[in-house]
Amino acid sequence: MSNFNTILLECDNISKQFGFFFALNKISFQLDESSILGVIGANGAGKTTLIRILSGLISPTSGKIIIKGKNYKTDDKSIRKIIGTITNKSFLYEELTIYENLKFFSKLYSIYDKSTFKDKIEHYTEKFNLSNWIFEPISNLSNGMKQKVEIIRILIQNPSILLLDEPFSGLDFNTIKLLVKILIDLKEKDKLTIVIATHKIEVVQEISDTILILKKGKISKFAPIKEIDKNKIESYY
Amino acid sequence: MKTPKKPAKSYRKLFITILQKDIKSEIRQINDIFSIILFGIISIFIFSSAYNTVNLGVRMPIEIFVIQIWLIIFFTLIFIMIKLFVQEKEKGTLYGLTSSPVSNSVLLISKAVFCFILLSFIELILILFSFFISIPSIQSLNLNEFLLYIMIGIILPTLDLSICGTLVSALSMYSKNKSFVLPLLLFPIILPITSPIISLNIKLLEGELISMIVIELLFLLAHAILMFSILIFVSDELLSE
């Protein structure tokens, strides 16, 4: 948005068609480094499709995505390494412990280092109050704890951009509050760029720098949060 | 300056990582394997008791023994196929794999090897069990011939079936009616090899020379190579939604 910051993510005329239906229709926007973009919209507006395209789970029908100066079409593998994704379905294996899951994902991203891994895990689990649960299977954890493990999973990847699809669904008020604090910390201290697709307008208003409102697959509004009248957000739906 | 990792070495590491994860997960859900084995054992009992009702005290002919074994193995394969991709897709964990920088072909090969290991383990138990329960009329099979039977009659077809199973499991995971599509797609793919597998097993258990099974052997090898090539060539299309 500003001229002084580096552009981390650039979407140029992204469209996604399922049969005759356009889930996304010519979406274009740019996102700066170390900023939070809140993506909101009614059900079926295209929020999840946008996150899935950005995370590489599905390919756009047309358009171009540039992340850190690299084109998704030509640098697929290296872009995936710098993206951390959390969707409404957990990537964690329920029967494996927190430690085993994190070890598996760090190996998957080729960042596993035997000498430092244990310290890294201890650091993050302590930070997220999960120290006593490291060797517990994921199935024994609450939803809030699982979401924290998901965040640790992406943090150990050391990504440049986090893509979150409905990260607050099924969580109680206190856990949402805690996650919001964690996300703000990640943006401010770790300089991460975060894209959040959610229905929770109040959370988006609280943490986003920029807001993207989707309506029937098209951009209805894209502007810095301070330029938007908070009482009129729903009128863009 | 650090030398960059060789791709083959990193592919091998990733392959082992995914395989280890699958085996570990499976061990933690041991009840699933137990129920598959139980299904096999019950099937062997039904076959044996049905045969013994009419032919009391007569050993089971090799033809019936082989058909019994492979019928159970084909059904076991369908159970395992559901575990490969369909369950991962349903749980959402598949997206963790497909959004990672791991190449789709590495992912598919590790799943095929996992299918092979799991199927071989279940087969081992069921074949040993059926030898004691069904008592097939095998005349004089020495150790070498028995090992040859295991290698060519069991392991080679199992490898071929594992590749076919992985291919079909990946093909059907995005369809709406998976339980219908899965066996429907598997049927035409394994149909050409059912007859050579049965023939190969009967000939090997009858102690025939290897020169007598060359055609079946070559056919199975060719089928396995063809299926593996398809699996690798279409890996990106198979795993993209």
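Me: Before I look at chain A, where do the domain bounds come from?
Reply: Domain bounds come from an automatic or database domain assignment. The model itself is predicted.

Me: And how is chain A divided?
Reply: Into domain 1, covering 1-82 + 161-237, and domain 2, covering 92-158.

Me: How far apart are the C-alpha centres of the two?
Reply: The C-alpha centres of domain 1 and domain 2 of chain A lie 25 Å apart. Their contact takes 8 residues from domain 1 and 6 residues from domain 2.

Me: Which helix gives the most on the domain 1 side?
Reply: Helix α6 of chain A, residues 173-188, with 3 residues. That side of domain 1 divides into 5 nonpolar, 2 polar and 1 charged.

Me: Staying in chain A, how do β9 and β10 pair?
Reply: Strand β9(A), residues 210-215, and strand β10(A), residues 218-224, pair in the antiparallel sense over 6 bridges.

Me: What is the bridge partner of Lys215(A)?
Reply: Lys218(A), in β10(A). The hairpin has 2 residues between the strands, and Lys216(A) takes a positive phi near 50 degrees there.

Me: Now the chain interface. How many residues are in contact?
Reply: On the chain B side 19 residues, which are in contact with 22 residues of chain A.

Me: Which helices of chain B supply at least two residues each?
Reply: α1 (7-28) and α4 (93-98) of chain B. α1(B) gives the most to that side, with 7 residues.

Me: What's the residue mix on the chain B side?
Reply: The residues of chain B that touch chain A divide into 4 nonpolar, 11 polar and 4 charged.

Me: Next, α7 and α8 of chain B. What is the crossing angle?
Reply: Helix α7(B), residues 178-205, and helix α8(B), residues 214-233, cross at roughly 140 degrees, and their axes come within 9 Å.

Me: Why oblique and not roughly antiparallel?
Reply: Roughly antiparallel needs an angle over 145 degrees. The axes of α7(B) and α8(B) cross at roughly 140 degrees, and the two helices are therefore oblique to each other.

Me: Left-handed or right-handed?
Reply: α7(B) passes α8(B) in a left-handed crossing.

Me: Which residues meet there?
Reply: From α7(B), Pro192(B), Ile193(B), Pro196(B), Ser199(B) and Leu200(B). They meet Glu216(B), Leu217(B), Phe219(B), Leu220(B) and His223(B) in α8(B).

Me: And how do those divide by type?
Reply: The residues of the contact of α7(B) with α8(B) come out as 7 nonpolar, 2 polar and 1 charged.

Notes. Residues numbered from 1 in each chain as written. Chains lettered and ligands numbered in written order. Predicted model: local features only at pLDDT ≥ 70, side-chain atom pairs only at ≥ 80, totals over all residues. Axes fitted to C-alpha atoms, helices over the stretch in contact; angles between N-to-C directions. Helix = DSSP H or I, 4+ residues; strand = E, 2+ residues; numbered from the N terminus. Parallel < 35°, antiparallel > 145°, perpendicular 65-115°, else oblique. Left-handed = near helix turned anticlockwise from the far one by under 90°. Contact = placed C-beta atoms within 7 Å. Nonpolar A, V, L, I, M, F, W, Y, C, P; charged D, E, K, R; others polar. Pairing = 2+ DSSP bridges.
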